[in-house]
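I opened the model to look up a few helices, strands and single residues. My notes follow in the order in which I went through them.

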Amino acid sequence: MKISRRTAVISASTLAGAAILSACGSKDSEPANDASHSASSGASGSASGSASASPQGPVATWADNTMVSHLFFHSLVADPKRAFDGDDEAKGYLDYMVTIDEFKKIIQQVYDRNYILVSPHQLYTTAPDGGIELKPLELPEGKKPLVISFDDLSYYEYMDGDGFPDRLIVKDGKIVNEYRDAAGKKQVGAYDHLPIVEEFLQDHPDFSHEGAKGVIAMTGYNGVLGYRTSDISYKDQNKNLNQDKKDATKVADAIKAAGWEFASHSWGHINFTKSPVDHIRADNEKWQAEVAPIVGKTDLLIYPFGADIAGIGDYENEKFQYLKSQGFNAFFNVDASVPAWGQAGGNYLRQARINVDGISLKHAIEGTSETLNEFFDPHTVLDPQRPKSISGTDE
């Protein structure tokens with residue numbers, strides 16, 4: 001790998017990190033003043049997806065598992081009128097979110113361009129000693145692998161009333177959203193990416209490679225999946241805390257059974273680049289105590305803000321040694337400068353994600369970045385309900 005890539009990786013991660021900061025709330029820097037919780041072993045299952053039969057017809061082995069594209073999104077805007085209404089949060093929503101209409105057009109075009117969903121776990125195996133080995137990725141001939149992930153599926157408190165779903169539920173065997181419309185009436189249906197992808201796959205089952213769906217990056221400080229499950233944050237506020245934990249676990253189990261996977265996004269959405277190892281340790285202990293028992297253990301770590309623990313060089317530092325000791329094997333930063341970037345170490349896989357949001361759409365439409373054009377036509381997916389500025393940031 002050329003050393004010139006260092007600038008691309010670091011600068012893209014910094015830009016995306018600044019963008020994601022506002023989208024994800026303010027749990028950024030310092031650990032909470034409560035005592036740290038120890039990691040729990042009571043996880044509700046693994047994060048592996050269900051597999052389907054191998055595809056019929058000719059197959060081809062993907063040449064390089066470190067060069068697999070990865071797109072990521074935040075929660076979808078269900079009601080642009082409320083989200084983009086000019087209040088204090090509107091600029092952030094314009095910057096960091098896409099609408100339901102945009103997302104549906106994007107996945108259709110991604111599919112039309114012969115991408116197929118794969119799981120990170122279809123790219124590598126882990127030996128008992130922690131070593132990582134890339135494994136053959138055999139895809140239907142002509143298909144290109146794509147990982148998709150979704151950040152912060154907690155339906156944070158700050159989003160309440162701004163045209164986003166309230167939570168995920170299981171109804172009639174399907175994973176769907178509860179959503180309150182502008183009149184305050186509760187609706188049930190596909191109002192965010194997970195159920196929308198599920199519906200798309202019903203019509204296009206060949207969009208998934210052997211049952212792969214997507215990766216959901218979870219924090220914990222506002223609970224998970226729309227349920228206020230955190231003892232640290234809600235012990236004295238949520239009278240239904242224990243029931244929320246049970247309900248969230250039921251939904252998480254259904255999500256995993258459907259082929260989706262969970263990743264740690266840290267408990268408090270911390271910056272791994274800036275945080276000392278003691279801060280990372282304290283935060284991870286909270287995640288293992290409060291989130292893992294609901295969504296299950298995972299070996300996937302998606303860095304908030306794309307803030308990686310190292311530059312382009314191999315992982316060797318104390319932060320990595322701690323995270324590896326905690327069972328993390330695959331690590332995901334942000335690089336929106338190229339369609340794919342990865343790095344395979346002897347005991348880890350690192351992969352860059354491309355942010356799809358108002359900022360990246362604006363850059364694509366204005367011609368200052370070509371990356372998104374690989375996956376879809378930014379001009380044709382743009383929601384007409386966006387203002388002319390496209391994003392909220394005047395860049």
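Before starting I fixed one term: a helix here is a DSSP run of H or I with at least four residues, and helices are numbered from the N terminus. I also note that this is a predicted model.

**Entry 1. Ala252 and helix 7**

I looked up Ala252 and found it in helix 7, which covers residues 241–257. Is Ala252 buried or exposed? Its relative accessible area is 0% and the cut-off for buried is under 20%, so Ala252 is buried. Setting aside neighbours within four places in sequence, I listed its contacts as Leu225, Phe262, Ile294 and Val295. I also checked Val170, which is 82 residues from Ala252 along the chain; the two C-alpha atoms are 9.6 Å apart. Helix 7 itself lies across strand 8 and strand 9, and runs at about 75° to strand 8.

**Entry 2. The sheet of strands 8, 9 and 10**

I then turned to the sheet. It is open, has 3 strands in the order 8-9-10, and its pairing is antiparallel. Strand 8 (167–171) and strand 10 (186–189) are the edge strands, each pairing on one side only. Ignoring direction, neighbouring strands of this sheet are turned by 35° against each other on average. Between strand 8 and strand 9 (residues 174–180) I noted 5 bridges. Ile169 stands opposite Val176 in strand 9. Helix 5 packs on this sheet and touches strand 8, strand 9 and strand 10; its direction makes about 135° with that of strand 9.

**Entry 3. Pro165, ahead of strand 8**

Pro165 sits in the loop between strand 7 and strand 8. Its relative accessibility is 5%, so Pro165 counts as buried. Leaving out neighbours within four places in sequence, its contacts are Leu76, Tyr155, Asn177, Glu178, Tyr179, Tyr191 and Asp192. I checked Ala78 as well: Pro165 and Ala78 are 87 residues apart in sequence, with 7.2 Å between their C-alpha atoms.

**Entry 4. Helix 4 and the nonpolar cores**

Does the length of helix 4 agree or disagree with its residue count? Helix 4 has 13 residues (100–112), and at 1.5 Å a residue the expected span is 18 Å; the end C-alpha atoms are 18 Å apart, so the two agree. Its buried residues are Ile100, Glu102, Phe103, Ile106, Ile107, Gln109, Val110 and Tyr111. They pack against several elements, including strand 2 (69–73), strand 3 (115–117), strand 7 (144–151) and helix 5 (193–203). Helix 11 (358–366) and helix 12 (378–381) are also among the elements they pack against. After helix 4 comes Asn114, with a positive phi near 70°.

I looked at the largest nonpolar core next. It has 67 residues, and those with the most contacts inside it are Phe103, Val110, Met218, Leu225, Ile255 and Phe376. Helix 4 gives the most to this core, with 6 residues. For Phe376, leaving aside neighbours within four places in sequence, I listed Ile106, Gln109, Val110, Arg113, Val356, Leu361 and Val381 as contacts. A second, separate core has 17 residues, including Val118, Tyr124, Leu139 and Ala330.

**Entry 5. Strand 12 and His265**

Strand 12 runs parallel to strand 11 (residues 215–218), and 4 bridges join them. The bridge partner of Met218 in strand 12 is Ser264. Both faces of strand 12 are covered: Glu261 and Ala263 on one side, and Phe262 and Ser264 on the other, are all buried.

His265 lies in the loop between strand 12 (261–264) and helix 8 (277–290). With a relative accessible area of 0%, His265 is buried. Its side chain makes a polar contact of 3.3 Å with that of His269. Not counting residues up to four places away in sequence, His265 touches a set of residues including Asp151, Asp152, Met218, Trp287, Tyr303 and Arg353.

**Entry 6. Helix 10**

Last, I checked helix 10 (residues 318–325). Its buried residues are Lys319, Phe320, Tyr322, Leu323 and Lys324. What covers them includes strand 5 (132–134), helix 8, strand 13 (300–302), strand 14 (330–334) and strand 16 (348–355). Which residue caps the N-terminal end of helix 10? Asn317 does, with a side-chain oxygen 3.3 Å from the backbone nitrogen of Lys319. Just after helix 10, Gly327 has a positive phi of about 95°.

Terms used. Residues are numbered from 1 along each chain as its sequence is written. This is a predicted model: local features need pLDDT of at least 70, side-chain atom pairs count only at pLDDT 80 or more; totals for chains, interfaces and linings use all residues. Side-chain values use heavy atoms; hydrogens and water are left out. Helices (H or I, at least four residues) and strands (E, at least two) are DSSP runs, numbered from the N terminus. Buried means under 20% relative accessible area, exposed over 50%, partly exposed in between (1.4 Å probe, protein chains only). A polar contact is a pair of N or O atoms within 3.5 Å; within protein, one must be able to donate a hydrogen and the other to accept it, and residues adjacent in sequence count only if both atoms are side-chain atoms. Contact means heavy atoms within 4.5 Å. The expected span of a helix is 1.5 Å times one less than its number of residues. A nonpolar core is a set of buried Ala, Val, Leu, Ile, Met, Phe, Trp, Tyr and Cys residues joined through side-chain atoms within 4.5 Å. Two strands pair if DSSP finds at least two bridges between them. Axes are lines fitted to C-alpha atoms, for helices over the stretch in contact, and angles run from 0 to 180 degrees between N-to-C directions.
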